Each structure stands twice: as structure tokens, then as C-alpha cells.
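Here's a quick tour of one structure, going from a helix pair to a ligand site and then to the domains. Have the viewer open as you read.

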Amino acid sequence: MKNVIEIENLTKYYGKARGIVDVSFSVAEGEIFGFIGPNGAGKSTTIRILLNLIYPTSGGARVFGRDCVKDGYEIRRDVGYLPSEVFYYDDMKVLELLKYSASFYGRVDMQRLRYLAEVMELDLGRKIDDLSYGNKKKVGIVQGLLHRPSLIILDEPTGGLDPLMQQRFFGLIREENRRGATVLFSSHILPEVQKLCSRVGIIREGKMLRVEEIGSMRDTAYKKIRLEFREEVPEAPELPEGAGDVQRSPRELAFLFRGDINEAFKSIARFDLRNAVIEEPDLEEIFLHYYGGEDGV
Ligand SMILES: Nc1ncnc2c1ncn2[C@@H]1O[C@H](COP(=O)(O)OP(=O)(O)OP(=O)(O)O)[C@@H](O)[C@H]1O
């Protein structure tokens with residue numbers, strides 16, 4: 001299968017400050033690839049290089065087989081990009097802005113514009129100035145998808161969108177993907193990446209830790225288990241193998257767990273519980289207790 005994005009040993013320093021170091025990965029045609037890492041990990045830096053908005057210090061990247069440094073213009077024509085921060089000419093109306101930006105790609109498809117605005121419940125008659133952060137994001141989404149790009153690059157796209165709008169937005173991305181578009185989806189929220197993506201690249205402190213299939217990530221995923229006891233527990237339960245980051249107080253016990261969930265329940269069965277919560281650990285916890293341990297970072 002053809003790769004739409006190919007990144008090799010990409011490094012970017014902002015003066016002395018580390019942006020990214022030796023990042024390599026590729027994204028195949030038709031794939032929805034998650035690019036995940038905490039704030040400051042280097043996601044935006046990587047994306048900005050792909051779009052030739054900044055230059056790499058060393059290494060290289062190709063999009064559609066074209067060189068990111070030499071062919072930025074040609075690459076950008078066929079990319080829909082939603083930056084993490086959207087800035088607009090505040091004085092314009094939404095419709096004017098969308099028509100104006102779409103005109104760079106040729107004829108403006110008004111039917112598609114209205115369709116996207118309707119799905120995202122975006123009022124085309126409002127002034128940009130009067131829009132909330134979430135509504136400005138919607139403008140960016142419509143703008144990014146309007147010209148039916150064959151590569152969609154989303155940098156932290158869901159900030160400010162309520163759950164319903166997130167769902168609608170994911171629906172649009174899936175629709176474009178079914179049509180053949182490749183998607184690079186950057187985020188620091190693991191569950192949303194899990195919902196949408198088939199593979200994910202994990203970046204931290206400028207370095208790519210690994211690339212994983214979402215399926216295998218789920219199989220090895222940690223759960224976070226929090227228990228509240230009805231009474232003070234004199235001795236703490238013996239926890240099964242696979243439990244880590246244990247935090248105890250007389251009436252509470254919390255731990256991360258990876259392994260056979262039955263074993264975890266057996267070990268706590270004899271205690272009288274007031275409440276039990278099982279949740280997905282957040283990204284930092286996963287980094288600390290999963291990737292952190294194995295990779296020594
Ligand atoms: N213009 C700049 N000048 C100096 N350092 C920068 C600049 N832009 C980014 N950096 C640094 O590069 C590193 C990577 O930042 P980047 O914005 O790429 O991360 P990110 O993963 O996109 O995080 P976020 O979600 O916070 O945007 C950070 O340490 C950041 O401080």
C-alpha cells in the first residue's frame with residue numbers, strides 16, 4: 001500500500017529548545033492515524049513541518065511522495081488542515097470567510113458548504129468576532145473539509161466541542177475516510193483516538209516512543225480501579241500480579257491494573273465495598289506506568 005506521509009529522522013530545534021528529535025513514522029493511504037502525546041510532546045511541530053510552515057533542522061518528510069521543504073505549496077493544495085489554534089479576521093461573517101478561503105482551491109461548492117455547516121450547526125450569518133471558541137473550531141472544521149482534500153490533518157480538533165458536536169465531527173471524518181481520504185489525527189485524549197483511529201503513534205518529549213495498532217493497545221491496556229470500603233480496612237488486600245501504582249488510605253484503595261480482571265476481583269471480594277469505579281487511565285498515567293517502565297523514559 002502507498003504511504004501518504006513518510007517521515008524519516010525528523011528533528012527540529014527552535015534555537016536551543018527541543019521541538020522534536022529523530023521522529024520517524026509513516027501513514028498509509030486511506031488510514032486514520034492517531035498521533036498522541038501530552039502537551040509539548042511535539043505533535044504540532046511535526047505537523048507544521050509536514051505543511052512546510054516551519055523548516056526541519058534535519059531529517060526529512062514526504063507527503064504524497066513530495067518533499068515537504070521543496071513542495072509545500074503543492075502539498076498544501078490537497079491537504080485539509082485544522083490547526084490547534086484558529087485565528088481569523090474577526091470582522092468577517094462566517095460565510096464570507098469560508099467563501100474567501102475556499103476560493104484558493106477553485107470554485108466554491110456552496111452545496112457542500114451548507115451541508116457541512118448544517119451538520120456542525122454552524123450559523124453562517126454570524127460575525128466571526130461574536131463566535132465562541134467552540135464555534136470558531138467549527139469554522140475551522142468546515143474550512144478544512146470543504147475542498148474534499150485527500151489528506152486531512154487535525155491538530156487537537158475537538159477542544160471546545162460538546163459531546164454531540166464531537167460525534168458529528170467524527171461522523172464527517174469517517175465519511176471522508178470512506179471516500180478515500182487519509183487522516184492524521186493529533187490529540188492528547190486517548191479515548192477519542194481509540195474511537196477513530198486504526199493505528200497510533202505515541203510521542204513524548206519530542207521522541208516517538210512507538211507505533212501501535214489500536215487493537216493491541218487495548219489488549220494490553222491498563223485499567224484504573226478505585227475502591228471505597230464501607231469500613232476501615234485493617235489490612236490491605238493482597239493484589240494480583242499486574243497491579244501497579246497502588247495508593248491506599250484506610251477506606252480507599254486505587255491501583256492501575258493490567259491482566260485478568262477476574263484475579264483483581266477475587267482479591268477484593270472479601271471486603272465490603274461502598275463503591276467501585278473502573279476507568280481508563282489518562283495519558284500521563286499510561287506513559288508513567290506503561291511506556292515509562294518499559295522504555296525507561
Ligand atoms: N516557536 C517555538 N519556539 C520555541 N519552542 C517551541 C516553539 N514551538 C514549540 N516549541 C517547543 O517545542 C516543543 C514541542 O511543542 P509542540 O507545540 O510541537 O507540542 P505539541 O505536542 O503539539 O503540544 P501542544 O498540544 O501543547 O501543542 C515544546 O517543548 C515547545 O515548547
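## Helix pair, ligand shell, domains

H3 and H5 cross in a right-handed manner. Bear in mind that this is a predicted model. Helix H3 covers residues 94-102 and helix H5 covers residues 133-145; their axes come within 10 Å, with a crossing angle of roughly 30°. Since angles under 35 degrees count as roughly parallel, that makes H3 roughly parallel to H5.

Which residues do the meeting here? From H3 it's Val94, Leu97, Leu98 and Ser101, and they meet Val139, Val142 and Gln143 in H5. Sorted by class, the residues of this contact come out as 5 nonpolar and 2 polar, with no charged ones.

Now over to the ligand. There are 14 residues around it, and those that come nearest are Tyr14, Asn39, Lys43, Ser44 and Thr45. Two elements each give two or more residues to this shell: strand E2 (17-28) and helix H1 (43-50). Which element gives the most? That's H1, with 3 residues.

Here's how the two sets of residues split by class:

| Set | Nonpolar | Polar | Charged |
|---|---|---|---|
| Shell around the ligand | 3 residues | 9 residues | 2 residues |
| Contact of H3 with H5 | 5 residues | 2 residues | no residues |

Finally, zoom out to the whole protein chain. The domain assignment splits it into domain 1 (3-218) and domain 2 (222-279). How far apart do their C-alpha centres lie? For domain 1 and domain 2, the distance is 40 Å.

Key: Residues are numbered from 1 along each chain as its sequence is written. This is a predicted model: local features need pLDDT of at least 70, side-chain atom pairs count only at pLDDT 80 or more; totals for chains, interfaces and linings use all residues. A residue is near a molecule or strand if its C-beta atom, placed from the backbone, lies within 6 Å of it. Helices (H or I, at least four residues) and strands (E, at least two) are DSSP runs, numbered from the N terminus. Ala, Val, Leu, Ile, Met, Phe, Trp, Tyr, Cys and Pro count as nonpolar, Asp, Glu, Lys and Arg as charged, and the others, Gly among them, as polar. Domain bounds come from an automatic or database domain assignment. Axes are lines fitted to C-alpha atoms, for helices over the stretch in contact, and angles run from 0 to 180 degrees between N-to-C directions. Angles under 35 degrees count as roughly parallel, over 145 as roughly antiparallel, 65 to 115 as roughly perpendicular and the rest as oblique. A crossing is left-handed if the near helix is turned anticlockwise from the far one by less than a right angle, and right-handed if clockwise. Two residues are in contact if their C-beta atoms, placed from the backbone, lie within 7 Å.
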